[in-house]
Amino acid sequence: MIKNTSSTIVKFHEVPQGGLDFEFSQKSGELNQVLFDILGDYPVYHAILHITPMNAMVKLKGEIKGELRNICSRCAEDFSQSYSKNFLTAFYKSDEGIKNFSGAINDLEGSFDLEFLEGSEIDLAEVIHEQVAIEIPFKPLCSENCKGLCVKCGTNLNTSTCNCTINIEKANSPFEKLKSLRGD
Ligand SMILES: [Zn+2]
Ligand SMILES: [Zn+2]
């Protein structure tokens, strides 16, 4: 059962035993605004979420695929990077107290992210925003072998060469230093 609604809010205590399913993408558009700070004007994402109650917790199983536009940290060129991820999050209401929590945590199997809810609602937009945000690489690279820019003249060394690279290499070469010491 895919819920067709523009709302991204799930009430903690109103998740039926059979669970709730949600699907979001740039075509349905509900999250384009929320994800704008990460994905900009041309977002590419597809998220499928399945939410089920689990004793004192609510379990969210998610699958997200999409593309991120990055700027290479070496050559400053734009590039797209696709990702595909699965995640499991267990939500627990903070005000339920620690007594129920120890019981609930025994029901968790495998690897979960644990989130403590202040209120009684889960905002799926927030969940997806967080999951997409952690895919942003700390140091984006258009390719492992990106040669970057020439520090002297700014030429993109992936697409062309310049004369200063040779000079820099020469200057740094221990053989060149030896040569100059010997006065060759
Ligand atoms: Zn690069
Ligand atoms: Zn150069």
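Buried residues make up 14% of this chain's 184 residues, in what is a predicted model. Five helices and seven strands are found along the chain, and five of the strands form an open sheet with mixed pairing. Here is a short tour, from the overall layout to the sheet and then to one buried leucine.

**Overall layout**

- Reading along the sequence, you will meet the elements in the pattern β-β-α-β-β-β-α-β-β-α-α-α.
- Among contacts with a separation of 6 or more, 59% link residues that are 24 or more positions apart.

**The sheet**

- The strand order in the open sheet is β2-β3-β4-β5-β6.
- Strands β2 (20–25) and β6 (113–117) stand at the edges with a single partner strand each, so one side of each has no neighbour in the sheet.
- From one strand to the next, the twist averages 25 degrees.
- Helix α3 (residues 124–133) packs on this sheet, where it touches β2, β3 (44–54), β4 and β5. The direction of α3 makes about 50 degrees with that of β4.

**How the strands pair**

- As general background, the strands of a sheet pair through backbone hydrogen bonds, in either a parallel or an antiparallel way.
- β2 and β3 run antiparallel and are joined by six bridges; to find this pairing on the model, look for Asp 21, whose bridge partner in β3 is His 50.
- β3 and β4 also run antiparallel, with eleven bridges between them. Here Thr 52 has Lys 59 in β4 as its bridge partner.
- The hairpin of β3 and β4 has two residues between the strands, and Asn 55 in this hairpin takes a positive phi near 50 degrees.
- β4 and β5 (residues 78–93) pair in the antiparallel sense over 15 bridges. Leu 60 is a handy marker for this pairing, with Thr 89 as its bridge partner in β5.

**A closer look at Leu 68**

- Leu 68 sits in strand β4, which covers residues 57–71.
- Is Leu 68 buried or exposed? Leu 68 is buried, because 21 other C-beta atoms lie within 10 Å and the cut-off for a buried residue is 20 or more.
- Leaving aside residues up to four places away in sequence, Leu 68 touches Gln 81, Tyr 83, Glu 135 and Ile 136. Of these, Gln 81 and Tyr 83 fall within the residue range 78–93 of β5.
- Ile 38 is 30 residues from Leu 68 along the chain, and the C-alpha atoms of the two are separated by 8.0 Å.

Notes:
Residues are numbered from 1 along each chain as its sequence is written. Chains are lettered from A and ligands numbered from 1 in the order in which they are written. This is a predicted model: local features need pLDDT of at least 70, side-chain atom pairs count only at pLDDT 80 or more; totals for chains, interfaces and linings use all residues. Helices (H or I, at least four residues) and strands (E, at least two) are DSSP runs, numbered from the N terminus. A residue is buried if 20 or more other C-beta atoms lie within 10 Å of its own, exposed if 12 or fewer, and partly exposed in between; C-beta atoms are placed from the backbone. Two residues are in contact if their C-beta atoms, placed from the backbone, lie within 7 Å. Two strands pair if DSSP finds at least two bridges between them. Axes are lines fitted to C-alpha atoms, for helices over the stretch in contact, and angles run from 0 to 180 degrees between N-to-C directions.
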